[in-house]
Amino acid sequence: MPALVLLGAQWGDEGKGKATDLLGGSVDYVVRYQGGNNAGHTVVVGDQKYALHLLPSGILSPGCTPVIGNGVVVDPSVLLSELSGLNERGVDTSKLLLSGNAHIITPYNVTVDKVTERFLGKRKIGTTGRGIGPTYADKINRVGIRVQDLYDESILTQKVEAALDIKNQVLTKLYNRRAIAVDQVVEELLAYAEKLRPYVADTVLVLNQALEEDKVVLFEGGQGTLLDIDHGTYPFVTSSNPTAGGACTGAGVGPTKISRVIGILKAYTTRVGAGPFPTELFDEDGEALRRIGGERGVTTGRDRRCGWFDAVIARYATRVNGLTDFFLTKLDVLTGWEQIPVCVAYEIDGKRVEELPYSQTDFHHAKPVYEMLPGWTEDISKAKSFSDLPKNAQAYVKALEEMSGAPISAIGVGPGRDETIEINSFL
Ligand code: GDP
Ligand code: IMO
Ligand code: MG
C-alpha cells in the first residue's frame, strides 16, 4: 500500500500539519500537490512549534524526502525564507525536491490578488492575498511562469512580457495603478534561479520510481474539500483541487497507486474568509471554541469563524474524496460542554435535506438541524487509547463516525505529536 493521501475534509485548518508530521516518521516521501503559501500548517514537536506554509510537513522528519509537486504554486521568496528559517532552527532541508513544472507566484500575481479583492469590496472572497488565484489563472490561461523558466532568460523574458501585456492594461486603465516593468520582474526572478537550483528535479519520475520500489509516499493536501475549486462552495473557494483527485494531477501519479485517502476532520467546524457556513455560531459558544481551540489563522492572523460539527459536510467529503479513514482532531477542545449540538441534516425552504445541495442558492439557505449529544468534563488530553476516553466522548466519536461514512482511525487530543489516540494503523 504505497501511496496515501491526507487532506482536509472541511474548510481547511483541520490539523493536516500535525497529522502529516505524525506519519512523517514512517513514510519515505511527503508531497504537497496543490495550493501554495496560502496554507498554514502548524506542527508541534516537543516544545518547538513550526508554522509551515509551502514546505510539506514531512520536512521535520529526518528520514523523509519532502517534495513540492507540479500542482503547487511557488513564491520563491517565501520558499527561500521558509528554508532559511528552518535551517536557523537546525532543521536539515537539503533533501527537498521542487518540481520544475510548478508555477511561480510572481510579484504581479500578488499585486493582482490584492487589487482584485479591494475592487470587489463587499463581494470579496477574503483571500489570503498571496497571489494564489491569479497564478492559477495564468496557468490555465497559458501565460504562467514555471520554475524551469528561471533557467532560460530569453524564454523567461518572453513569458513575462506575454503575462504583463494584458495585465498592465488592466492595472493602469481599470485599477489606476502603475504599470509593472518586465525587466524588473525578470531581474527579480533570475535572482532566485541559482538559489533554487539544488532542489529542482523531475519529481514525477522520482515519485513513480519510488512507488515502483514500494516506497511509501504521502500526499499532503493544503486547504480542504469545501475550498476545492470544483467541489467546494464556489466562488468562495481557493483556486486549486485539494480533493483526492488533485493528488494525481498535482504530482503526476496515477489513481491506481493510491490505496488510502485520509480525511482530516475537526471535531467542530471552522472557516476563514467569506462564504456560506451553516453551523456558524455568533454567540459565546463560538467565542469559546475560538478561544479554547486557538482558532486564529496561521497565515493571515485572522480570527477563524467557528461553529458546531456538520455531518452533512463530512459525508460529502467522504463521497467526493473516496475517503477510507478519518483522523478526528481537536476533540479535547470540546471538553466542558454539557451538551454538544451536531448538525445531522439541513432544513432548506422548509424541507429536510440529508445531503449537501449542489445549488449555491440552496446552500445559502441551509439551516442546520441539530441533534444534541451529551458532553463530558474530564480532561482527555492524556488519553492514549479509545477506552481512556470518558463514555460520552467515546459516544460522540462513534456518532460522528456513523454519520460521516468512514471509520475514525485516529483522534487528536492535543497539538503535540504524541497527543493522539491511534485506533487503526494508517500504514
Ligand atoms: P492545518 O492547516 O490543517 O495544518 O491546521 P492549522 O495548523 O492551521 O490549525 C490547526 C491547529 O490545531 C494548530 O494550531 C495545531 O497545532 C492544532 N491542533 C492540531 N490537532 C490538535 C488536537 O487534536 N488538539 C488541539 N487542541 N490542537 C490541535
Ligand atoms: P490550510 O492548508 C483555511 C481560504 C481563504 C479564502 C479562500 C481563497 O492551512 O488549511 P486563496 O488565498 O487561497 O485564494 O483564498 O480560501 N484559504 C484557507 N482557509 N485554511 C487554508 O489553508 C486556506 N487557504 C486558503 O481564507 O477564504
Ligand atoms: Mg492552516
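**Exercise 1. Which residues are closest to ligand 2, and how many residues surround ligand 2?**

*Solution.* The model is predicted.
Step 1. Count the shell. Ligand 2 is surrounded by 20 residues.
Step 2. Pick out the closest. They are Asp13, Lys16, His41, Thr128 and Thr238.
Step 3. Sort the shell by class. It holds 11 polar, 6 nonpolar and 3 charged residues.

**Exercise 2. Find polar contacts of ligand 2, then state how much of the ligand is buried.**

*Solution.* A pair of N or O atoms counts as a polar contact within 3.5 Å.
Step 1. Start with a side chain. An N or O atom in the side chain of Asn38 is 2.9 Å from an oxygen atom of ligand 2.
Step 2. Turn to the backbone. Gln223 places a backbone N or O atom 2.8 Å from an oxygen atom of ligand 2. For a backbone N or O atom of Val272, the distance to an oxygen atom of the ligand is 3.1 Å.
Step 3. Look at the area. Ligand 2 exposes 550 Å² when taken alone, and the protein buries 98% of this.

**Exercise 3. Why does ligand 2 lie between domain 1 and domain 2?**

*Solution.*
Step 1. Set out the bounds. Domain 1 covers 3–91 + 202–422, and domain 2 covers 103–198.
Step 2. Check who contributes. Both domains give residues to the shell around ligand 2, so the ligand lies between them.

**Exercise 4. Describe the shell around ligand 1.**

*Solution.*
Step 1. Count and name. The shell has 19 residues, and Lys16, Gly17, Gly40, Thr42 and Asp332 come nearest to ligand 1.
Step 2. Sort by class. There are 8 polar, 7 charged and 4 nonpolar residues around ligand 1.
Step 3. Place the ligand. Ligand 1 takes up the space of the second largest pocket. Two elements, α1 (16–24) and β3 (41–45), each give two or more residues to its shell. The largest share comes from α1, with 3 residues.

**Exercise 5. Find polar contacts of ligand 1, then state how much of the ligand is buried.**

*Solution.* Use the cut-off from Exercise 2.
Step 1. Take the side chains. A polar side-chain atom of Asp13 is 3.0 Å from an oxygen atom of ligand 1. For Thr42, an N or O atom in the side chain lies 2.6 Å from an oxygen atom of the ligand.
Step 2. Take the backbone. Gly17 has a backbone N or O atom 2.8 Å from an oxygen atom of ligand 1.
Step 3. Finish with the area. Alone, ligand 1 exposes 580 Å², of which the protein buries 92%.

Notes
Residues are numbered from 1 along each chain as its sequence is written. Chains are lettered from A and ligands numbered from 1 in the order in which they are written. This is a predicted model: local features need pLDDT of at least 70, side-chain atom pairs count only at pLDDT 80 or more; totals for chains, interfaces and linings use all residues. Side-chain values use heavy atoms; hydrogens and water are left out. A residue is near a molecule or strand if one of its heavy atoms lies within 4 Å of it. A polar contact is a pair of N or O atoms within 3.5 Å; within protein, one must be able to donate a hydrogen and the other to accept it, and residues adjacent in sequence count only if both atoms are side-chain atoms. Accessible areas come from the Shrake-Rupley method with a 1.4 Å probe; for residues, only the protein chains shown count as cover. On a 1 Å grid over the protein atoms alone, a cavity is a set of points where a 1.4 Å probe fits but cannot get out, and a pocket is an open set with protein on both sides within 12 Å along at least five of seven lines; lining residues have an atom within 4 Å of a point. A molecule sits in a cavity or pocket if more than half of its atoms lie within 2 Å of its grid points. Helices (H or I, at least four residues) and strands (E, at least two) are DSSP runs, numbered from the N terminus. Ala, Val, Leu, Ile, Met, Phe, Trp, Tyr, Cys and Pro count as nonpolar, Asp, Glu, Lys and Arg as charged, and the others, Gly among them, as polar. Domain bounds come from an automatic or database domain assignment.
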